[in-house]
Amino acid sequence: MKEPILRVEGITVRFGGLVALKEVTFSVEEGELLGIIGPNGAGKTTLFNTITGAVSPEKGRIYFQGKDITSLPPHKRARLGIARTFQNLRLFSRLTVEDNIKLAMGLPYPAFAPLFSLPSYHKMEKQMSESAIALLKTFHLYPYRDRIASALPYGERKRLEIARALALKPKLLLLDEPTAGLSHQEAISLMEELKELRKGFSLTIILIEHNMRVVMGYCGRLITLNYGEIIAEGTPEEIANNPAVLQAYLGEESLC
Amino acid sequence: MRAKNIILVIGIPFSLWLINHFISNPSIFSPYILQIIVLMGINAILAVSWDFISGVTGQFSIGQAGFMAIGAYSSAFLTLKYKVPFLPAILFALILSAIAGFIVGIPTLRLRGDYLAIATLGFGEIVRVAILNMPSLGGATGLKGIPIYSSFFSVYLALAITLWFCLALLKSQPGRILLSIREDEIASQMMGIDVVKYKVFAFTFSAALAGLAGALYAHWTSLVHPDSFSFMKSIEIILMGVLGGMGTIYGPAVGGMLITLLPEGLRLLLEQNPLLYQNKDFVRMLFFAILLLFFIILRPQGIFGKREAKG
């Protein structure tokens with residue numbers, strides 16, 4: 001059997017007395033679009049933070065493409081190909097749109113190259129600009145390229161964050177509520193764009209989402225978290241009819 | 001592109017050399033004016049060094065005077081005691097202050113904002129007090145009779161190289177990365193940036209520049225004294241940076257020059273009034289304080305900073 005791209009084994013995260021994640025185990029196959037749902041405070045974002053390395057787990061291991069990454073610092077995980085977006089946007093707000101994208105491309109020449117205006121510097125900067133422009137065009141952000149990021153409308157900022165994550169050339173993309181705050185129309189068009197990208201970039205995507213129409217329509221498989229535990233896993237139809245999920249979302253009485 | 005660079009590399013030193021001949025001639029410019037012009041250049045380098053770490057990288061430092069002191073004393077010690085020529089002494093000062101920056105950089109990486117500022121302030125004071133208690137460095141009397149090797153030419157050439165390096169870094173990928181650390185450390189980590197490495201680099205580079213300014217200063221005034229590198233000096237450097245426009249590099253360079261020039265204009269005014277002249281240091285600090293307040297309230301982005309669009 002093929003090694004899954006991401007394997008999370010028995011992850012437990014504790015913040016003081018609060019258990020944020022408890023023995024969470026799941027794996028993601030390459031090319032999959034996995035949705036994570038659950039009520040507020042269920043540990044969804046903590047799970048992302050653990051996968052990207054911002055939070056270190058008390059127990060358990062994380063494997064990316066078969067490699068144990070549990071103790072790798074965040075920037076090394078990003079370089080391996082794990083990119084993410086944030087629930088409440090973390091753009092570099094005083095930098096231009098184009099620079100936001102270029103930043104994610106690493107340092108393709110020695111740091112002293114610009115000091116002496118070496119040819120490698122000019123060549124690589126040109127290449128970076130070209131791929132940044134290509135990415136901006138894909139996300140319909142090209143007209144904004146010289147504006148500073150904080151001057152963009154909200155929907156464009158959300159798209160810029162996804163474009164920035166893709167500039168890392170990731171294999172696994174973690175999206176934290178990509179459609180939150182967007183109108184239904186915008187949400188659908190964003191999901192359609194992501195569907196196209198998934199083919200183009202051969203991406204695996206995990207997304208946290210509250211918009212059930214998006215989740216049900218686009219995700220192949222769903223995981224439901226509640227109080228830090230996985231309470232259900234399956235296709236959207238299975239999840240929609242799972243009594244444990246309904247109970248978590250609507251409370252006990254709704255079942256009576 | 002190429003041709004322009006070659007013209008700059010040859011043209012700037014050559015024109016500085018020509019101006020040097022003209023400006024250093026006491027029959028044209030009085031030594032007093034030359035003194036001010038040279039100090040303007042030295043302070044511009046200092047302000048740029050502070051801007052690199054605080055304005056660009058976003059790590060607030062109140063310890064630049066400490067790095068400056070290390071550069072000044074180490075180079076002066078070599079030229080005074082061992083008759084080392086100027087250039088190797090400057091290189092030694094650069095390396096030593098860079099090492100100090102590296103050492104300060106590592107523990108302070110865990111600190112953010114106010115805590116980092118306090119740690120760098122502490123570092124500056126440690127350097128000053130350490131020098132005060134080292135008899136071989138002259139203790140409280142300082143080092144006297146340092147050979148005057150600095151000139152208009154060397155100071156402004158150093159400033160030109162400093163500006164060239166900082167601006168080249170700022171507009172390329174390393175600079176973008178440093179700016180991203182200022183904007184959002186967590187997000188830049190998630191973009192695969194080794195934040196620790198870049199912060200240490202910024203500290204080291206900034207300290208080396210401050211050390212360079214220190215070495216030039218020591219070999220211009222011919223006298224170094226622990227009081228020249230006090231907490232107030234660090235504050236003055238910050239004032240230069242804020243005034244010029246944080247994060248722009250060239251802004252603080254101009255700010256450094258203005259802050260050197262203004263007190264001289266002030267002195268001319270004060271000389272008219274004996275009472276004010278008696279308290280001239282007090283009046284000067286009051287003036288700086290009012291100037292800083294004025295800028296923070298009315299133009300927080302400094303003279304050259306861009307106004308930020310509200311999101």
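Analyst: Let's start with a term: a salt bridge is a side-chain nitrogen of Lys or Arg within 4 Å of a carboxyl oxygen of Asp or Glu. Keep in mind that this is a predicted model. Over all chains, the structure holds 22 salt bridges.

User: What makes A:E9 and A:R7 a salt bridge?

Analyst: The side chains of A:E9 and A:R7 come to 2.4 Å, N to O. The cut-off is 4 Å, so the pair qualifies. Salt bridges with shared partners also link A:E3, A:R7 and A:E9 into one network.

User: Why is A:E9 called partly exposed?

Analyst: A:E9 has a relative accessibility of 31%. Buried means under 20% and exposed means over 50%, so 31% lands in between. A:R7, at 24%, is partly exposed by the same reasoning.

User: How do you know that A:E23 and A:K59 form a salt bridge?

Analyst: Their closest N and O atoms are 2.9 Å apart. That is within 4 Å, so the pair counts.

User: What does the pair of A:E23 and A:K59 tie together?

Analyst: A:E23 sits in strand β2 of chain A and A:K59 in strand β4 of chain A, so the pair ties together parts that are 36 residues apart in sequence. As for accessibility, A:E23 is partly exposed at 44%, and A:K59 is partly exposed, at 44% as well.

User: Which strands make up the open sheet in chain A, and in what order?

Analyst: The order is β2-β1-β4-β5, four strands with antiparallel pairing.

User: Why do β2 and β5 of chain A stand at the edges?

Analyst: β2 (18-28) and β5 (67-68) of chain A each have a single partner strand, so one side of each has no neighbour in the sheet.

User: How do you know that β1 and β2 of chain A are joined?

Analyst: Count the bridges: 7 of them join β1 (residues 6-15) of chain A to β2(A), and the two run antiparallel. Pairing takes at least two bridges, so 7 is enough. For one example, A:V8 has A:F26 in β2(A) as its bridge partner. Helix α1 (residues 44-52) of chain A packs on this sheet and touches β1, β2 and β4 (59-64) of chain A. The direction of α1 makes about 65 degrees with that of β2(A).

User: What makes the link between A:N49 and A:R84 a polar contact?

Analyst: The side chains of A:N49 and A:R84 are joined at 2.6 Å. The cut-off for such an N or O pair is 3.5 Å, so this distance fits. A:N49 belongs to helix α1 of chain A. Leaving aside neighbours within four places in sequence, A:N49 is in contact with A:A54, A:V55 and A:R84.

User: On to chain B. Why is B:I45 called buried?

Analyst: B:I45 has 0% relative accessibility. Buried means under 20%, so B:I45 is buried. B:I45 lies in helix α2 (residues 31-56) of chain B. Not counting residues up to four places away in sequence, B:I45 touches B:V155, B:A158, B:L159, B:T162, B:L209, B:L212, B:A213 and B:L216.

User: Is B:S54 buried or exposed, and what makes it so?

Analyst: B:S54 is buried: the value is 4%, and the limit is under 20%. B:S54 also lies in helix α2 of chain B. The side chain of B:S54 reaches the backbone nitrogen of B:S61 at 3.1 Å. Apart from residues up to four places away in sequence, B:S54 touches B:Q59, B:F60, B:S61 and B:M246.

User: How do you know that B:R182 and B:E183 form a salt bridge?

Analyst: The closest N and O atoms of B:R182 and B:E183 are 3.1 Å apart. This is within the 4 Å cut-off, so the pair counts. B:R182, at 22%, is partly exposed, whereas B:E183, at 16%, is buried. The line between the two classes is 20%, so the partners fall on opposite sides of it.

User: What domains does chain A have in the assignment?

Analyst: The assignment gives domain 1 (1-81 + 170-256) and domain 2 (94-168) of chain A. The centres of domain 1 and domain 2 of chain A, taken over C-alpha atoms, are separated by 28 Å. In contact are 16 residues of domain 1 and 15 residues of domain 2 of chain A.

Key:
Residues are numbered from 1 along each chain as its sequence is written. Chains are lettered from A and ligands numbered from 1 in the order in which they are written. This is a predicted model: local features need pLDDT of at least 70, side-chain atom pairs count only at pLDDT 80 or more; totals for chains, interfaces and linings use all residues. Side-chain values use heavy atoms; hydrogens and water are left out. Contact means heavy atoms within 4.5 Å. Axes are lines fitted to C-alpha atoms, for helices over the stretch in contact, and angles run from 0 to 180 degrees between N-to-C directions. A polar contact is a pair of N or O atoms within 3.5 Å; within protein, one must be able to donate a hydrogen and the other to accept it, and residues adjacent in sequence count only if both atoms are side-chain atoms. Buried means under 20% relative accessible area, exposed over 50%, partly exposed in between (1.4 Å probe, protein chains only). Domain bounds come from an automatic or database domain assignment.
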